[in-house]
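I opened the notebook to look up cysteines, one helix and a pocket. The structure goes in here before my entries.

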Amino acid sequence: MPPTWLTVVSWIALAAAFASAAVILVDTYARGYRQHMKVMEIVWPVTALYFGPVAVWGYYRFGRKKSHRWLQEHDRDQAPEKPGWATVATGVSHCGAGCTIGDVIAATGVFLLGLTLFGHEIFAEYVGSFVLAVLLGLAFQYFAIAPMRGLGVREGVKQATKADILSLITFEIGLFAWMALMRFVFFPEHPLRPDDAAYWFLMQVGMVIGFFTSVPANVWLIRKGIKEAM
């Protein structure tokens with residue numbers, strides 16, 4: 001069992017994350033601040049699942065201003081220009097959403113099915129997480145790039161792969177390294193499992209780490225024009 005203090009902190013962090021995602025979803029769908037780029041209606045609340053209130057701040061500071069309703073209310077044709085760091089952060093959150101959803105599905109599936117690889121469940125999680133992250137991340141990137149550039153399916157998938165695969169890999173490197181610490185260093189004798197709040201809190205921490213390990217790749221991709229500035 002994890003220490004009591006960790007369990008308490010975990011439940012607080014998870015509650016804050018779900019509340020943050022709910023705030024963004026309500027503003028988007030109930031209040032009508034629908035995003036011009038539809039995939040961002042998934043990206044923002046998913047980002048809140050690991051960044052919590054920080055994601056809410058980012059959404060109101062930058063994301064909400066991309067909505068049709070906000071532009072109409074402020075009589076603008078385009079959203080205000082974002083600083084460079086915010087553009088990069090939005091790009092990272094885009095690939096991070098695919099990674100996050102993939103990781104949640106893979107970790108839960110491996111646990112429920114009792115899967116292992118090389119005698120450890122973590123390696124099965126790695127494989128499942130990476131495969132799902134690639135599939136979901138490329139799908140997210142496709143629906144961001146293809147409509148803006150007017151690309152067909154084949155070319156859209158090709159450009160989405162170029163734009164997101166490096167970003168996905170660097171995100172997962174940070175997350176997977178943290179997961180290894182969780183499994184083999186922090187809790188070597190009694191590994192945390194997905195039915196424990198502390199597991200998901202530490203996964204939140206890992207996703208934040210993955211976010212920052214993906215930043216340099218996104219800076220390079222955006223500067224080279226390979227990835228769209230969002």
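How many disulfides does the count come to? I took a disulfide as a pair of cysteine sulfur atoms within 2.5 Å, and the count comes to 0. Cysteine 95 is in none, and the nearest cysteine sulfur, that of cysteine 99, is 5.0 Å away. That is too far for a bond.

I noted that this is a predicted model, where local features need pLDDT of at least 70, side-chain atom pairs count only at pLDDT 80 or more, and totals for chains, interfaces and linings use all residues. Residues are numbered from 1 along each chain as its sequence is written, and side-chain values use heavy atoms, with hydrogens and water left out.

I then checked burial (buried is under 20% relative accessible area, exposed over 50%, partly exposed in between, with a 1.4 Å probe and protein chains only). Cysteine 95 is at 0% relative accessibility, so it counts as buried. Cysteine 99 is also buried, at 0%.

Next I looked up helix H3, residues 53–63 (helices are DSSP runs of H or I, at least four residues, numbered from the N terminus). Its buried residues are Ala55, Val56, Gly58, Tyr59, Phe62 and Gly63. They lie on the same side of H3, because they cover an arc of only 165° around the axis, taken from the directions from the helix axis to the C-beta atoms. Among what covers them are helix H1 (4–30) and helix H5 (84–113), by contact of heavy atoms within 4.5 Å.

How values were computed
Helices (H or I, at least four residues) and strands (E, at least two) are DSSP runs, numbered from the N terminus.
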